[in-house]
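Dear colleague,

I am passing on the structure below, and my notes follow it. Please look through the model before you read them.

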Amino acid sequence: MEKEVEENQSRKGKSFQWYLYVVFIPLAFAILVAVIVSFIAGINIIDTAKDFGKKIPIVGSLVQINQANSSKSNDKSVIELQGQIKDREEKISQLETQISDKNKEIQKAELEQKRLQKEIDDVVSSQTEGKRALKDIIKTYETMSAKKAAPIITQMNDEEALKILSSIKADSLAAIMENMNAKAAAKFTQLLTNATDINNE
């Protein structure tokens, strides 16, 4: 009995070897040679196999199903990519709008800066002109006789009179004060004293 089992196993092993040597190895070699020849001849084996597979009833339907599935997945991928492109375009448009708004704000700020600078320049210019005018007035009062200058200064408001009196030379100031009445001279002396005290603090 054991002998029969061993003989059966031996026959199976021999038949497998025969199948391997006679069928499988020559078939694999033939396929390899066919692939090499078609590659050298410039034939695309995959496309040829697909075309051949379509002609076989069962394989053809499987190939068509795979192509349909592939087509559907490609369509889905295309739709997703188009959606992503649209989203990116919207984001780009939003960023361009933001950049445009920022540029407008910068232009407004620059215009405002120029306007403020002009105002500053105008104020400085008017102050310079005012100082120049005050210097001219002071020179006029210094060259004018004290007798004529005293009544004019007493008619001015205190602030203007103080500006002139605090800026003229000491000898001109003394002469003008001598030609004022006692009340006006006392008032302007007090104003000059207060102004000096404030400047010294």
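Which pattern does the protein chain follow when read along the sequence? The protein chain follows α-α-α-α-α-α-α, with seven helices and zero strands (DSSP runs numbered from the N terminus, H or I of at least four residues for helices, E of at least two for strands).

This is a predicted model, in which local features need pLDDT of at least 70 and side-chain atom pairs count only at pLDDT 80 or more, while totals for chains, interfaces and linings use all residues. Residues are numbered from 1 along each chain as its sequence is written, and side-chain values use heavy atoms, with hydrogens and water left out.

Of the 201 residues in the protein chain, 12% are buried, where buried means under 20% relative accessible area, exposed over 50%, and partly exposed in between (1.4 Å probe, protein chains only). The protein chain exposes about 16900 Å² (Shrake-Rupley method), and carbon and sulfur atoms supply 59% of this area.

On the surface, Trp18, Tyr19, Tyr21, Val22, Val23, Phe24 and Ile25 form a nonpolar patch with about 740 Å² of accessible area together; patches take residues with over 30% relative accessible area and no salt bridge (a side-chain nitrogen of Lys or Arg within 4 Å of a carboxyl oxygen of Asp or Glu), joining nonpolar side chains within 5 Å and like charges within 9 Å. Phe24 lies in helix α1 (residues 2-41) and counts as partly exposed because its relative accessibility is 47%.

Lys131, Arg132, Lys135 and Lys139 form a positive patch. Lys131 belongs to helix α3 (residues 57-143), and it counts as exposed because its relative accessibility is 58%.

Best regards

Definitions and conventions: Areas by Shrake-Rupley, 256 points an atom, 1.4 Å probe, with all protein chains shown as cover. Lys, Arg positive; Asp, Glu negative; His and termini not counted. Charge placed at Lys NZ, Arg CZ, Asp CG, Glu CD.
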